[in-house]
Amino acid sequence: MKIAMTGISGNMGSEALKQTFELPTVEMIRVILRNSKKNKILAKKLEKTYGKKIQIVYGSIDNQEICNAIVKNMDYVIHMAAVIPPLSDNSPQASFTCNRKGTVALVNAIKNINPQPKFIHISTIALYGNRNEKHPWGRVGDPLLISPFDAYAKDKLFAERYVLEADLDNWAILRQTAMLHPNLFKDNISDGLMFHTSLNAPLEWVTSYDSGRLIKHIIKRDSNDEVPQFWKKIYNIGGGLGGRYTGYDTINEGFAIIGGSIEKFFKPNYFSTRNFHGIWIADGDRLNDLFYYQNDTFKDFWKQIAKAHPMFALGKLAPKGLLNLFLFNRLLNDDNSPSRWIKNNDEPKVLAYFGHTNIGNTLPKKWEDVKLLTKGDFGDFENIRKDTKTNLLAHGYDESKPLNTLTLEELQQAAIFRGGKCLAEEAPENEYVKIKWQCSEGHIFESSVYTVLGGGHWCPECTMPDKNFSWRFDYLSTKSPFFAQLWYDSHSKEENFVYYIDDNDRQQIKKDIL
């Protein structure tokens, strides 16, 4: 068995590579690395460990010839390469090149060979956008309302849809949840990104080890023809109950290993109140029942980090004021920190992340003034995070029926729920056949029933225009009950803005035209 992998220098990719090599049936794994000094060092380590069983291709993933070479004669292609925040925030072009163009080149390479390798695309739960205590649970088919200015999510949205509509022979899309990895603590004290986390954001964590185990088990079970039902579907990668917490818990647990807490080091007004991304995964059992990969828990992970890095315990000896002076105050003043945006009156970002521009004096400065999901202020936290059927979003059709059995009338009703129309003259023979739809703005597009109803995608011109990417969900939610049921959890009906990125990669806002 021969496998191609992208993204093996990342946290998930490195685990997937290592664990997949444990399978005795793996003959060779071909990987792509950018031609850098760091990757040359990594390549030497890999060649020393795996010898001729690893084949390294140097180049950029958006290069079509490189992608053609990567997929040739492979049985599987596992696409894990991604530029994620904060790099995607600071370099939108890097996100565009890797997350969008790289996926397009890889998919095109697979389409042009026969037989085609089986393709696994790692997408992201960032596509679901902002969630809070009102609708913490998400599942495949929910509306994809990516958070304004999230360059990573917008490029991953395009990439996922490209995979869905490419008519590949065998594909699967796995939307990765928040991932715990050995570098997490270090990565989150190097940038103001940590303060983008909303305190009541639902986060379901999975470890990089378990994500790697998932890839291993997919290859193992599929190569034995044990999971034919797996292909041509979208799944959420979740961590289960043991990984299900909130933004508050995540930061609090992380700083506990240096003898602190979120309330010891920070004030509540340091954190954004919306425009984050994270969900608790209501349908995580679909993937885990097939590949039994969930093992590590959120609590166990932090214990392992503390054990592996005993120097962190020295933080318990350092005075709070000293840590704030040399570490946390620096983060608050970082260009990617919400506190810096408020101080500099960065109107587009402040509006996106807080809801109005004069927010600075209205945010709570004391923890006792903040309502927290984890402290039971919205009901019993343990019960809420266990009940996967709580307040799920509607999808606009009878979900007890398979998509390939929906009638034309049912497809038309689903389109109305999205503010548009189904223009097909008859129901397609299966859910992967492309039919015509029309959105509330009159745009006509062709997409499969699976893409729209199964995946949660809608009009590409409204939700992911190629030029001057814009977010018009304030306006579109007035037309679409499908959007409105989620968007108004964190946005008021009086808001009427277009968020967009201009030709110079600058984040901008303007009033929308109703």
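What share of the contacts in the chain with a separation of 6 or more comes from residues 24 or more positions apart? In this predicted model, the figure is 75%. Burial can be put alongside that number: of the 514 residues in the chain, 58% are buried.

As for the overall build, the chain carries 21 helices and 19 strands. Its radius of gyration comes out at 23 Å, close to the 24 Å that the globule rule gives for 514 residues, so the chain is as compact as a globular protein of that length. Taken along the principal axes, the box filled by the C-alpha atoms is roughly 65 × 60 × 45 Å.

On to the helix pairs. Two packed helices are described by the angle between their axes and the distance between the axes. Starting at the N-terminal end of the numbering, helix 1 (residues 11–20) packs on helix 8 (residues 208–223) at about 45°, and the two axes lie 7 Å apart. An angle of that kind makes helix 1 oblique to helix 8, and the crossing is right-handed. Helix 1 brings Asn-11, Met-12, Glu-15, Ala-16, Gln-19 and Thr-20 to the contact, while helix 8 answers with Ser-208, Tyr-209, Ser-211, Gly-212, Arg-213, Ile-215, Lys-216 and Ile-219. Sorted by class, that is a mixed bag of five nonpolar, six polar and three charged residues.

Helix 3 (residues 64–71) meets helix 5 (residues 92–111) at an angle of about 50°, with 8 Å between their axes. These two helices are therefore oblique to each other as well, and they too make a right-handed crossing. On the helix 3 side the contact involves Gln-64, Cys-67, Asn-68 and Val-71; on the helix 5 side, Gly-102, Ala-105, Leu-106, Asn-108, Ala-109 and Ile-110 take part. Charged residues are absent from this contact of helix 3 with helix 5, which has six nonpolar and four polar ones.

The remaining pair to describe here is helix 9 (residues 247–256) with helix 12 (residues 298–308), whose axes come within 10 Å and cross at roughly 25°. Because angles under 35 degrees count as roughly parallel, helix 9 is roughly parallel to helix 12. Helix 9 passes helix 12 in a right-handed crossing. Asp-249, Thr-250, Glu-253 and Gly-254 of helix 9 touch Phe-298, Lys-299 and Trp-302 of helix 12. This contact of helix 9 with helix 12 has three charged residues, along with two nonpolar and two polar ones.

Key
Residues numbered from 1 in each chain as written. Predicted model: local features only at pLDDT ≥ 70, side-chain atom pairs only at ≥ 80, totals over all residues. Heavy atoms only, no water. Axes fitted to C-alpha atoms, helices over the stretch in contact; angles between N-to-C directions. Helix = DSSP H or I, 4+ residues; strand = E, 2+ residues; numbered from the N terminus. Parallel < 35°, antiparallel > 145°, perpendicular 65-115°, else oblique. Left-handed = near helix turned anticlockwise from the far one by under 90°. Contact = heavy atoms within 4.5 Å. Nonpolar A, V, L, I, M, F, W, Y, C, P; charged D, E, K, R; others polar. Rg over C-alpha atoms; globule rule 2.2 N^0.38 Å. Buried < 20%, exposed > 50% of the residue type's maximum accessible area, 1.4 Å probe, protein only.
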